Amino acid sequence: GGSAVDAAIAVNACLGLMEPTSNGIGGDMFAIVWDPKTKKLYGLNACGRSPLGLKASQIPPEKDGTIPLYSPYSWSVPGTVDGWAELHGKFGKLPFARDLAPAIQFAEDGFPLSPVIASDWGRSVSRFKDKPGFADVFMPGGRAPLEGEIFRNPALAKSLRLIAEQGRDAYYQGAIAREFVQFSQKVGGFFTMEDFARHHSEWVDPVSTDYHGYTVWELPPPGQGIAALQLLNILENFDLKAMGRNSADFWHVFTEAKKVAFADRARYYADPDFAKVPVQQLLSKVYAKERASLVRMDKSADTDLPGEPTALNRRETTYFCTADVNGMMVSMIQSNYTGFGSGYCIPSLGFGIQDRGNLFDLKPGKPNSYAPGKRPFHTIIPAFMTKDGAPVLAFGLMGGDMQPQGHAQVVVNLVDFGMNLQEAGDVIRFHHTGSSEPTGTLMTDGGVLHIEDGLSDPVLAELKRRGHRLESEAVGAYGGYQAIWRDPKTGVYSGATERRKDGCAIGY
(Lines give C-alpha, C1' and ligand atoms only; values in the text may rest on other atoms or scores of the structure.)
Protein backbone atom coordinates (compact mmCIF):
# COMPACT_ATOMS: atom_id res chain seq x y z
CA GLY A 1 0.00 0.00 0.00
CA GLY A 2 2.98 2.34 0.15
CA SER A 3 4.87 4.30 -2.48
CA ALA A 4 8.41 3.89 -3.74
CA VAL A 5 9.35 6.67 -1.31
CA ASP A 6 7.92 4.71 1.65
CA ALA A 7 10.00 1.75 0.47
CA ALA A 8 13.13 3.87 0.16
CA ILE A 9 12.75 5.27 3.70
CA ALA A 10 12.19 1.76 5.08
CA VAL A 11 15.25 0.43 3.26
CA ASN A 12 17.43 3.34 4.36
CA ALA A 13 16.38 2.96 8.00
CA CYS A 14 17.24 -0.75 7.91
CA LEU A 15 20.55 -0.17 6.17
CA GLY A 16 21.55 2.39 8.81
CA LEU A 17 21.18 -0.42 11.33
CA MET A 18 22.54 -3.28 9.24
CA GLU A 19 25.35 -1.45 7.44
CA PRO A 20 26.66 1.13 9.93
CA THR A 21 30.00 0.71 8.18
CA SER A 22 28.60 3.00 5.49
CA ASN A 23 25.53 4.92 6.57
CA GLY A 24 23.04 5.76 9.27
CA ILE A 25 21.04 8.60 10.81
CA GLY A 26 24.27 10.34 11.75
CA GLY A 27 24.97 11.01 8.06
CA ASP A 28 23.63 12.84 4.99
CA MET A 29 21.36 11.82 2.11
CA PHE A 30 20.47 12.83 -1.46
CA ALA A 31 17.61 11.60 -3.65
CA ILE A 32 16.05 11.91 -7.10
CA VAL A 33 12.37 10.99 -7.44
CA TRP A 34 10.37 10.45 -10.61
CA ASP A 35 6.77 11.41 -9.91
CA PRO A 36 4.36 9.78 -12.40
CA LYS A 37 1.59 12.25 -11.53
CA THR A 38 3.47 15.37 -12.57
CA LYS A 39 5.77 13.45 -14.97
CA LYS A 40 8.88 15.19 -13.68
CA LEU A 41 11.97 14.62 -11.56
CA TYR A 42 12.44 16.09 -8.10
CA GLY A 43 15.81 16.41 -6.41
CA LEU A 44 16.40 16.50 -2.66
CA ASN A 45 19.59 17.75 -1.03
CA ALA A 46 19.48 16.49 2.56
CA CYS A 47 23.00 17.34 3.67
CA GLY A 48 23.97 19.27 6.77
CA ARG A 49 26.04 22.34 7.54
CA SER A 50 29.11 23.05 9.63
CA PRO A 51 28.67 24.26 13.23
CA LEU A 52 27.98 27.97 13.58
CA GLY A 53 30.37 28.22 16.49
CA LEU A 54 33.43 26.77 14.73
CA LYS A 55 35.71 29.07 12.74
CA ALA A 56 38.45 28.02 10.33
CA SER A 57 41.07 29.60 12.62
CA GLN A 58 40.09 27.16 15.37
CA ILE A 59 40.77 24.06 13.25
CA PRO A 60 44.28 22.55 13.54
CA PRO A 61 45.12 21.29 10.03
CA GLU A 62 46.70 17.95 9.21
CA LYS A 63 50.15 17.90 7.59
CA ASP A 64 48.56 18.05 4.13
CA GLY A 65 46.47 21.07 5.16
CA THR A 66 43.16 19.22 5.44
CA ILE A 67 40.66 19.11 8.32
CA PRO A 68 41.35 16.25 10.79
CA LEU A 69 39.21 13.37 9.55
CA TYR A 70 38.29 11.39 12.65
CA SER A 71 37.59 14.34 14.91
CA PRO A 72 34.80 16.74 15.95
CA TYR A 73 36.35 19.30 13.57
CA SER A 74 34.95 17.23 10.68
CA TRP A 75 31.38 17.09 12.00
CA SER A 76 28.44 18.62 10.18
CA VAL A 77 24.78 18.40 11.13
CA PRO A 78 23.37 15.05 9.88
CA GLY A 79 20.63 15.61 7.30
CA THR A 80 19.15 12.15 6.72
CA VAL A 81 16.19 12.27 9.12
CA ASP A 82 15.04 15.64 7.83
CA GLY A 83 15.42 14.24 4.31
CA TRP A 84 13.12 11.34 5.19
CA ALA A 85 10.54 13.80 6.51
CA GLU A 86 10.68 15.91 3.34
CA LEU A 87 10.34 12.88 1.07
CA HIS A 88 7.54 11.41 3.14
CA GLY A 89 5.64 14.69 3.32
CA LYS A 90 5.71 15.05 -0.46
CA PHE A 91 5.39 11.46 -1.69
CA GLY A 92 4.70 9.11 1.23
CA LYS A 93 1.44 7.13 1.43
CA LEU A 94 1.91 5.08 4.58
CA PRO A 95 2.24 6.50 8.11
CA PHE A 96 5.84 7.52 8.82
CA ALA A 97 5.91 5.12 11.77
CA ARG A 98 5.06 2.24 9.41
CA ASP A 99 8.09 3.05 7.27
CA LEU A 100 10.40 2.84 10.30
CA ALA A 101 8.77 -0.21 11.90
CA PRO A 102 10.96 -2.89 10.24
CA ALA A 103 14.19 -1.16 11.28
CA ILE A 104 12.93 -0.76 14.85
CA GLN A 105 12.03 -4.45 15.02
CA PHE A 106 15.38 -5.60 13.62
CA ALA A 107 17.25 -3.26 15.96
CA GLU A 108 15.46 -4.79 18.95
CA ASP A 109 15.38 -8.45 17.87
CA GLY A 110 18.67 -8.51 15.97
CA PHE A 111 19.77 -9.60 12.50
CA PRO A 112 22.61 -11.77 11.11
CA LEU A 113 25.60 -9.88 9.71
CA SER A 114 26.30 -10.31 5.97
CA PRO A 115 29.82 -11.11 4.63
CA VAL A 116 31.16 -7.86 3.14
CA ILE A 117 29.71 -5.71 5.92
CA ALA A 118 31.16 -8.04 8.57
CA SER A 119 34.58 -7.78 6.91
CA ASP A 120 34.43 -3.97 6.79
CA TRP A 121 33.26 -3.89 10.41
CA GLY A 122 36.16 -6.03 11.57
CA ARG A 123 38.75 -3.91 9.77
CA SER A 124 37.31 -0.74 11.32
CA VAL A 125 37.86 -1.78 14.93
CA SER A 126 41.56 -0.91 15.10
CA ARG A 127 40.80 2.60 13.80
CA PHE A 128 37.78 3.41 15.94
CA LYS A 129 37.84 1.26 19.09
CA ASP A 130 39.17 4.07 21.25
CA LYS A 131 36.83 6.76 19.92
CA PRO A 132 34.23 7.94 22.45
CA GLY A 133 31.20 5.67 22.46
CA PHE A 134 32.28 3.42 19.58
CA ALA A 135 32.89 0.24 21.57
CA ASP A 136 29.68 0.76 23.54
CA VAL A 137 27.59 0.68 20.36
CA PHE A 138 29.51 -1.37 17.81
CA MET A 139 31.68 -3.80 19.81
CA PRO A 140 29.34 -5.99 21.86
CA GLY A 141 31.41 -8.27 24.07
CA GLY A 142 34.50 -6.19 23.31
CA ARG A 143 34.84 -7.08 19.61
CA ALA A 144 33.24 -6.62 16.21
CA PRO A 145 30.42 -9.05 15.42
CA LEU A 146 31.31 -11.75 12.89
CA GLU A 147 29.60 -12.86 9.69
CA GLY A 148 26.35 -14.63 10.54
CA GLU A 149 26.30 -13.44 14.16
CA ILE A 150 23.21 -11.69 15.49
CA PHE A 151 23.69 -7.98 16.21
CA ARG A 152 21.22 -5.86 18.17
CA ASN A 153 21.12 -2.12 18.72
CA PRO A 154 18.40 -1.30 21.29
CA ALA A 155 19.60 2.31 21.63
CA LEU A 156 19.05 2.89 17.90
CA ALA A 157 15.63 1.23 18.18
CA LYS A 158 14.77 3.78 20.87
CA SER A 159 15.94 6.68 18.67
CA LEU A 160 13.98 5.44 15.65
CA ARG A 161 10.86 4.93 17.76
CA LEU A 162 11.15 8.50 19.00
CA ILE A 163 11.42 9.73 15.40
CA ALA A 164 8.47 7.54 14.38
CA GLU A 165 6.32 9.02 17.15
CA GLN A 166 7.42 12.67 17.06
CA GLY A 167 8.72 13.08 13.51
CA ARG A 168 11.86 14.92 12.45
CA ASP A 169 11.50 17.43 15.31
CA ALA A 170 12.56 14.73 17.76
CA TYR A 171 15.93 14.74 16.00
CA TYR A 172 16.40 18.46 15.39
CA GLN A 173 14.58 20.14 18.27
CA GLY A 174 13.84 17.46 20.86
CA ALA A 175 15.50 14.76 22.91
CA ILE A 176 17.89 13.52 20.21
CA ALA A 177 19.23 17.01 19.52
CA ARG A 178 19.76 17.56 23.25
CA GLU A 179 21.66 14.27 23.59
CA PHE A 180 23.72 15.22 20.54
CA VAL A 181 24.69 18.60 21.96
CA GLN A 182 25.50 17.21 25.41
CA PHE A 183 27.74 14.57 23.86
CA SER A 184 29.39 17.20 21.65
CA GLN A 185 30.20 19.37 24.68
CA LYS A 186 31.58 16.37 26.54
CA VAL A 187 34.04 15.31 23.80
CA GLY A 188 35.17 18.73 22.55
CA GLY A 189 32.70 19.26 19.71
CA PHE A 190 31.06 22.49 18.62
CA PHE A 191 27.36 21.65 18.09
CA THR A 192 24.65 23.78 19.67
CA MET A 193 20.88 23.44 19.69
CA GLU A 194 20.77 26.27 17.16
CA ASP A 195 22.78 24.19 14.66
CA PHE A 196 20.10 21.51 14.76
CA ALA A 197 17.07 23.80 14.98
CA ARG A 198 18.07 25.77 11.87
CA HIS A 199 18.81 22.69 9.77
CA HIS A 200 16.67 22.12 6.67
CA SER A 201 16.85 20.07 3.50
CA GLU A 202 16.50 21.68 0.10
CA TRP A 203 14.42 20.65 -2.91
CA VAL A 204 16.51 21.28 -6.03
CA ASP A 205 16.05 20.85 -9.76
CA PRO A 206 18.17 17.99 -11.11
CA VAL A 207 20.54 18.96 -13.95
CA SER A 208 21.15 16.92 -17.08
CA THR A 209 22.97 16.33 -20.31
CA ASP A 210 21.98 14.40 -23.42
CA TYR A 211 24.13 11.43 -24.35
CA HIS A 212 23.41 9.71 -27.66
CA GLY A 213 19.63 10.05 -27.35
CA TYR A 214 19.35 9.54 -23.58
CA THR A 215 19.11 12.24 -20.92
CA VAL A 216 21.28 11.60 -17.86
CA TRP A 217 20.32 13.42 -14.65
CA GLU A 218 22.32 14.33 -11.55
CA LEU A 219 21.93 16.78 -8.67
CA PRO A 220 23.74 20.14 -8.72
CA PRO A 221 26.57 21.06 -6.28
CA PRO A 222 27.64 20.86 -3.53
CA GLY A 223 27.70 17.27 -4.80
CA GLN A 224 29.95 15.97 -7.57
CA GLY A 225 27.14 14.74 -9.83
CA ILE A 226 27.87 17.19 -12.60
CA ALA A 227 31.34 15.63 -12.94
CA ALA A 228 29.62 12.55 -14.42
CA LEU A 229 27.73 14.79 -16.85
CA GLN A 230 30.90 16.68 -17.79
CA LEU A 231 32.68 13.39 -18.34
CA LEU A 232 29.93 12.14 -20.65
CA ASN A 233 29.97 15.43 -22.58
CA ILE A 234 33.71 15.10 -23.16
CA LEU A 235 33.43 11.43 -24.13
CA GLU A 236 30.73 12.27 -26.70
CA ASN A 237 33.52 13.79 -28.80
CA PHE A 238 35.10 10.34 -29.26
CA ASP A 239 33.80 7.22 -31.00
CA LEU A 240 34.02 4.84 -28.06
CA LYS A 241 32.05 2.09 -29.78
CA ALA A 242 34.48 2.01 -32.69
CA MET A 243 37.42 1.87 -30.28
CA GLY A 244 35.96 -1.14 -28.43
CA ARG A 245 36.26 -1.81 -24.71
CA ASN A 246 39.30 -4.06 -25.19
CA SER A 247 41.46 -1.38 -26.78
CA ALA A 248 44.08 0.83 -25.16
CA ASP A 249 42.46 3.85 -26.84
CA PHE A 250 39.17 3.27 -24.96
CA TRP A 251 40.70 3.10 -21.48
CA HIS A 252 43.14 5.93 -22.24
CA VAL A 253 40.42 8.32 -23.48
CA PHE A 254 38.13 7.53 -20.57
CA THR A 255 40.91 8.13 -18.04
CA GLU A 256 42.09 11.37 -19.63
CA ALA A 257 38.53 12.67 -19.90
CA LYS A 258 38.09 11.92 -16.21
CA LYS A 259 41.15 14.01 -15.37
CA VAL A 260 39.76 16.95 -17.33
CA ALA A 261 36.31 16.75 -15.69
CA PHE A 262 37.82 16.37 -12.24
CA ALA A 263 39.99 19.43 -12.78
CA ASP A 264 36.80 21.51 -12.90
CA ARG A 265 35.47 19.56 -9.92
CA ALA A 266 38.46 20.71 -7.87
CA ARG A 267 38.15 24.33 -9.01
CA TYR A 268 34.43 25.05 -8.87
CA TYR A 269 32.26 22.61 -6.92
CA ALA A 270 30.98 24.01 -3.61
CA ASP A 271 27.90 25.06 -1.66
CA PRO A 272 25.99 27.35 -4.08
CA ASP A 273 24.75 29.41 -1.11
CA PHE A 274 28.35 30.53 -0.56
CA ALA A 275 29.92 30.37 -4.03
CA LYS A 276 28.86 31.00 -7.61
CA VAL A 277 29.12 27.62 -9.34
CA PRO A 278 28.94 28.00 -13.16
CA VAL A 279 26.84 24.86 -13.67
CA GLN A 280 25.41 25.76 -17.09
CA GLN A 281 28.83 26.69 -18.46
CA LEU A 282 30.38 23.51 -17.10
CA LEU A 283 27.64 21.44 -18.78
CA SER A 284 27.83 23.25 -22.11
CA LYS A 285 28.54 21.05 -25.15
CA VAL A 286 30.75 23.82 -26.56
CA TYR A 287 32.78 23.86 -23.36
CA ALA A 288 32.99 20.06 -23.43
CA LYS A 289 34.44 20.18 -26.94
CA GLU A 290 37.08 22.64 -25.73
CA ARG A 291 37.91 20.39 -22.79
CA ALA A 292 38.01 17.31 -25.02
CA SER A 293 40.77 18.97 -27.04
CA LEU A 294 43.01 18.65 -23.97
CA VAL A 295 42.98 14.86 -24.31
CA ARG A 296 46.15 13.67 -26.05
CA MET A 297 45.93 10.20 -27.56
CA ASP A 298 49.67 9.55 -27.29
CA LYS A 299 50.34 10.62 -23.71
CA SER A 300 48.80 10.58 -20.26
CA ALA A 301 48.39 14.01 -18.63
CA ASP A 302 50.54 14.46 -15.53
CA THR A 303 50.70 17.89 -13.88
CA ASP A 304 48.98 19.87 -16.65
CA LEU A 305 45.56 19.66 -14.97
CA PRO A 306 44.43 20.19 -11.42
CA GLY A 307 42.18 17.32 -10.42
CA GLU A 308 41.42 14.92 -7.59
CA PRO A 309 43.78 12.72 -5.56
CA THR A 310 43.31 9.90 -3.15
CA ALA A 311 41.92 11.78 -0.15
CA LEU A 312 38.48 11.46 -1.74
CA ASN A 313 38.93 7.75 -2.42
CA ARG A 314 36.39 6.85 0.27
CA ARG A 315 34.02 4.06 -0.66
CA GLU A 316 31.83 3.74 2.44
CA THR A 317 28.44 4.80 1.08
CA THR A 318 25.07 3.13 0.58
CA TYR A 319 23.14 3.48 -2.68
CA PHE A 320 19.72 1.93 -3.38
CA CYS A 321 16.74 2.48 -5.66
CA THR A 322 13.04 1.63 -5.48
CA ALA A 323 10.05 1.69 -7.84
CA ASP A 324 6.33 1.03 -7.45
CA VAL A 325 3.34 -0.13 -9.46
CA ASN A 326 2.27 3.43 -10.20
CA GLY A 327 5.55 4.29 -11.91
CA MET A 328 7.24 6.24 -9.12
CA MET A 329 11.00 5.63 -9.06
CA VAL A 330 13.48 6.68 -6.38
CA SER A 331 17.25 6.97 -6.68
CA MET A 332 18.72 7.49 -3.19
CA ILE A 333 22.17 7.59 -1.65
CA GLN A 334 23.18 7.93 1.99
CA SER A 335 26.50 7.98 3.80
CA ASN A 336 28.58 8.64 6.91
CA TYR A 337 31.46 9.49 4.52
CA THR A 338 34.27 7.26 5.88
CA GLY A 339 32.81 3.99 7.12
CA PHE A 340 31.59 4.63 10.66
CA GLY A 341 32.12 8.33 9.95
CA SER A 342 34.25 10.11 12.53
CA GLY A 343 34.14 7.08 14.82
CA TYR A 344 32.46 9.13 17.56
CA CYS A 345 29.23 7.45 18.69
CA ILE A 346 26.50 8.51 21.11
CA PRO A 347 25.79 5.38 23.21
CA SER A 348 22.36 6.52 24.32
CA LEU A 349 21.29 7.09 20.68
CA GLY A 350 22.94 4.07 19.04
CA PHE A 351 24.58 5.70 16.03
CA GLY A 352 27.80 7.42 14.98
CA ILE A 353 28.52 10.91 13.68
CA GLN A 354 29.63 11.60 10.11
CA ASP A 355 32.89 13.34 9.19
CA ARG A 356 31.80 14.99 5.93
CA GLY A 357 33.25 18.34 7.04
CA ASN A 358 36.70 16.94 6.21
CA LEU A 359 35.92 17.83 2.59
CA PHE A 360 36.13 21.58 3.14
CA ASP A 361 39.22 23.46 1.95
CA LEU A 362 40.90 25.17 4.93
CA LYS A 363 42.56 27.73 2.69
CA PRO A 364 40.49 30.94 2.48
CA GLY A 365 39.14 32.46 -0.72
CA LYS A 366 38.20 29.22 -2.51
CA PRO A 367 34.65 28.18 -3.48
CA ASN A 368 34.84 25.25 -1.05
CA SER A 369 36.67 27.12 1.74
CA TYR A 370 35.46 26.32 5.24
CA ALA A 371 32.87 28.65 6.78
CA PRO A 372 30.43 28.28 9.69
CA GLY A 373 26.95 27.17 8.62
CA LYS A 374 28.18 26.00 5.20
CA ARG A 375 27.64 22.69 3.39
CA PRO A 376 30.87 20.92 2.40
CA PHE A 377 31.66 19.52 -1.03
CA HIS A 378 29.88 16.15 -1.26
CA THR A 379 30.87 12.91 -2.98
CA ILE A 380 27.56 11.00 -2.75
CA ILE A 381 25.39 11.31 -5.85
CA PRO A 382 22.19 9.55 -7.03
CA ALA A 383 21.57 9.35 -10.77
CA PHE A 384 18.66 8.93 -13.18
CA MET A 385 18.14 8.52 -16.91
CA THR A 386 15.19 9.35 -19.16
CA LYS A 387 14.48 8.94 -22.87
CA ASP A 388 12.09 11.17 -24.78
CA GLY A 389 10.80 12.52 -21.48
CA ALA A 390 9.97 9.10 -20.02
CA PRO A 391 11.78 7.50 -17.04
CA VAL A 392 13.97 4.50 -17.92
CA LEU A 393 16.64 4.14 -15.24
CA ALA A 394 17.23 4.86 -11.55
CA PHE A 395 20.85 4.02 -10.76
CA GLY A 396 23.88 4.81 -8.71
CA LEU A 397 27.32 3.58 -7.83
CA MET A 398 28.88 3.85 -4.36
CA GLY A 399 32.48 4.75 -3.75
CA GLY A 400 33.69 8.30 -3.08
CA ASP A 401 35.59 9.64 -6.09
CA MET A 402 34.64 6.46 -7.99
CA GLN A 403 31.01 7.53 -8.24
CA PRO A 404 31.04 9.91 -11.23
CA GLN A 405 33.58 7.69 -12.96
CA GLY A 406 31.29 4.71 -12.40
CA HIS A 407 28.13 6.56 -13.48
CA ALA A 408 29.75 7.43 -16.81
CA GLN A 409 31.04 3.88 -17.32
CA VAL A 410 27.59 2.38 -16.70
CA VAL A 411 25.95 4.80 -19.14
CA VAL A 412 28.57 4.09 -21.82
CA ASN A 413 28.11 0.33 -21.31
CA LEU A 414 24.34 0.64 -21.72
CA VAL A 415 24.19 3.20 -24.52
CA ASP A 416 27.35 2.72 -26.59
CA PHE A 417 27.77 -1.01 -26.17
CA GLY A 418 24.13 -2.14 -25.79
CA MET A 419 24.68 -4.16 -22.63
CA ASN A 420 21.79 -5.23 -20.47
CA LEU A 421 21.34 -3.84 -16.97
CA GLN A 422 23.34 -6.52 -15.16
CA GLU A 423 26.12 -6.71 -17.76
CA ALA A 424 26.61 -2.94 -17.55
CA GLY A 425 27.64 -3.35 -13.92
CA ASP A 426 29.45 -6.68 -14.14
CA VAL A 427 32.05 -5.86 -16.78
CA ILE A 428 35.45 -4.61 -15.71
CA ARG A 429 35.82 -0.99 -14.61
CA PHE A 430 38.62 1.47 -14.18
CA HIS A 431 39.17 3.75 -11.19
CA HIS A 432 41.58 6.64 -11.58
CA THR A 433 42.93 8.36 -8.48
CA GLY A 434 45.38 11.16 -8.05
CA SER A 435 44.04 14.18 -9.97
CA SER A 436 43.60 17.81 -7.57
CA GLU A 437 40.63 17.95 -5.23
CA PRO A 438 38.17 20.39 -3.67
CA THR A 439 40.01 20.12 -0.34
CA GLY A 440 42.90 22.04 -1.90
CA THR A 441 45.49 19.32 -2.57
CA LEU A 442 46.95 19.23 -6.10
CA MET A 443 47.90 16.53 -8.60
CA THR A 444 51.65 16.26 -9.15
CA ASP A 445 52.29 12.98 -10.96
CA GLY A 446 49.35 12.09 -13.21
CA GLY A 447 47.73 9.86 -10.61
CA VAL A 448 47.21 6.12 -10.67
CA LEU A 449 45.06 4.05 -13.05
CA HIS A 450 43.41 0.97 -11.54
CA ILE A 451 41.74 -1.46 -13.95
CA GLU A 452 40.11 -4.72 -12.95
CA ASP A 453 41.54 -7.98 -14.32
CA GLY A 454 40.50 -8.81 -17.85
CA LEU A 455 42.58 -6.75 -20.30
CA SER A 456 45.29 -8.40 -22.34
CA ASP A 457 48.97 -7.83 -21.57
CA PRO A 458 49.60 -5.92 -24.85
CA VAL A 459 46.81 -3.43 -23.99
CA LEU A 460 48.19 -2.92 -20.48
CA ALA A 461 51.67 -2.47 -21.91
CA GLU A 462 50.42 0.17 -24.34
CA LEU A 463 48.72 2.08 -21.52
CA LYS A 464 52.00 2.06 -19.60
CA ARG A 465 53.85 3.26 -22.71
CA ARG A 466 51.50 6.26 -22.87
CA GLY A 467 52.48 7.17 -19.32
CA HIS A 468 49.78 5.60 -17.18
CA ARG A 469 50.90 4.24 -13.81
CA LEU A 470 48.95 1.00 -13.34
CA GLU A 471 48.37 -0.46 -9.89
CA SER A 472 46.04 -3.09 -8.48
CA GLU A 473 43.25 -2.20 -6.06
CA ALA A 474 40.81 -4.01 -3.78
CA VAL A 475 37.61 -5.09 -5.51
CA GLY A 476 35.48 -2.85 -3.28
CA ALA A 477 37.26 0.27 -4.55
CA TYR A 478 35.61 -0.11 -7.97
CA GLY A 479 32.28 0.93 -6.53
CA GLY A 480 28.91 -0.60 -5.76
CA TYR A 481 26.29 -0.45 -8.53
CA GLN A 482 22.52 -0.86 -8.14
CA ALA A 483 19.88 -0.09 -10.77
CA ILE A 484 16.23 -0.39 -11.78
CA TRP A 485 15.29 -0.19 -15.48
CA ARG A 486 11.75 0.61 -16.59
CA ASP A 487 10.71 -0.46 -20.06
CA PRO A 488 9.19 2.73 -21.52
CA LYS A 489 6.72 0.74 -23.64
CA THR A 490 5.47 -1.88 -21.18
CA GLY A 491 6.31 -0.30 -17.82
CA VAL A 492 7.96 -3.58 -16.75
CA TYR A 493 10.82 -3.20 -14.28
CA SER A 494 14.09 -5.09 -14.17
CA GLY A 495 16.76 -4.79 -11.50
CA ALA A 496 20.51 -5.27 -11.31
CA THR A 497 22.83 -5.53 -8.34
CA GLU A 498 26.54 -5.21 -7.72
CA ARG A 499 28.55 -8.44 -7.81
CA ARG A 500 31.28 -6.74 -5.79
CA LYS A 501 29.09 -6.04 -2.72
CA ASP A 502 26.41 -7.44 -0.45
CA GLY A 503 23.40 -6.52 -2.56
CA CYS A 504 20.21 -7.86 -4.09
CA ALA A 505 17.47 -7.05 -6.58
CA ILE A 506 14.02 -7.96 -5.24
CA GLY A 507 10.50 -7.64 -6.61
CA TYR A 508 7.41 -7.88 -4.39
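## The Asp264–Arg291 salt bridge

In this predicted model, for which local features need pLDDT of at least 70, side-chain atom pairs count only at pLDDT 80 or more, and totals for chains, interfaces and linings use all residues, Asp264 forms a salt bridge with Arg291, the closest N and O atoms being 3.3 Å apart; a salt bridge is a side-chain nitrogen of Lys or Arg within 4 Å of a carboxyl oxygen of Asp or Glu. The pair links distant parts of the chain, since Asp264 belongs to helix 12 and Arg291 to helix 14 (residues 285–292), with their positions 27 residues apart in sequence. Helices here are DSSP runs (H or I, at least four residues), as are strands (E, at least two), and both are numbered from the N terminus. Residues are numbered from 1 along each chain as its sequence is written, and side-chain values use heavy atoms, with hydrogens and water left out.

Both partners of this bridge are buried, where buried means under 20% relative accessible area, exposed means over 50%, and partly exposed lies in between (1.4 Å probe, protein chains only). For Asp264 the relative accessible area is 0%. Apart from neighbours within four places in sequence, Asp264 is in contact with Gln230, Tyr269, Leu282, Tyr287 and Arg291, contact meaning heavy atoms within 4.5 Å.

## Helix 10

One of the contacts of Asp264 is Gln230, and Gln230 is also among the buried residues of helix 10. Helix 10 (residues 225–235) is mostly covered, with 11 of its 11 residues buried. Among these buried residues are Ile226, Leu229, Leu231, Leu232, Ile234 and Leu235, together with Asn233.

## Other salt bridges

The structure holds 26 salt bridges. Another of them involves helix 12: Glu256 pairs with Lys259, and their closest N and O atoms are 3.0 Å apart. Being three residues apart in helix 12 (residues 248–268), these two are separated by about one helical turn. An α-helix has 3.6 residues a turn, so residues three or four places apart point the same way. Glu256 is buried, with a relative accessible area of 3%, and Lys259 is likewise buried, at 1%.

A bridge in another setting joins the side chains of Glu149 and Arg143 (2.9 Å, N to O). Here Glu149 is partly exposed, with a relative accessible area of 26%, and Arg143 is partly exposed as well, at 38%.

## Arg429 and its surroundings

Arg429 is found in the loop between helix 16 (421–426) and strand 14 (430–433), and this arginine is buried, with a relative accessible area of 2%. Not counting residues up to four places away in sequence, Arg429 touches a list of residues that includes Trp251, Leu397, Met402, Gln409 and His450, as well as Tyr478, Tyr481, Glu498 and Arg500. Arg429 and Leu17 are 412 residues apart in sequence, and their C-alpha atoms are 30 Å apart in space.

## Two residues with positive phi

Most residues other than glycine have a negative phi, and most peptide bonds are trans. His212 has a phi near 50°, a positive value in a residue other than glycine; His212 lies in the loop between strand 6 (207–211) and strand 7 (214–218) and, at 41% relative accessibility, counts as partly exposed. Tyr337, with a phi near 85°, also has a positive value, but Tyr337 lies in strand 9 (residues 329–337) and counts as buried at 1% relative accessibility.

## The chain as a whole

The secondary structure of the protein chain comes to 17 helices and 17 strands. With 508 residues, a compact globule would have a radius of gyration near 23 Å, and the chain's value of 22 Å agrees with this; the radius is taken over C-alpha atoms, and the globule rule is 2.2 Å times the number of residues to the power 0.38. Along its principal axes the C-alpha trace spans about 60 × 55 × 45 Å.

Of the 508 residues, 62% count as buried. Among contacts with a separation of 6 or more, 73% are between residues 24 or more positions apart. The accessible surface comes to about 18,600 Å², of which 51% belongs to carbon and sulfur atoms; accessible areas come from the Shrake-Rupley method with a 1.4 Å probe, and for residues only the protein chains shown count as cover.
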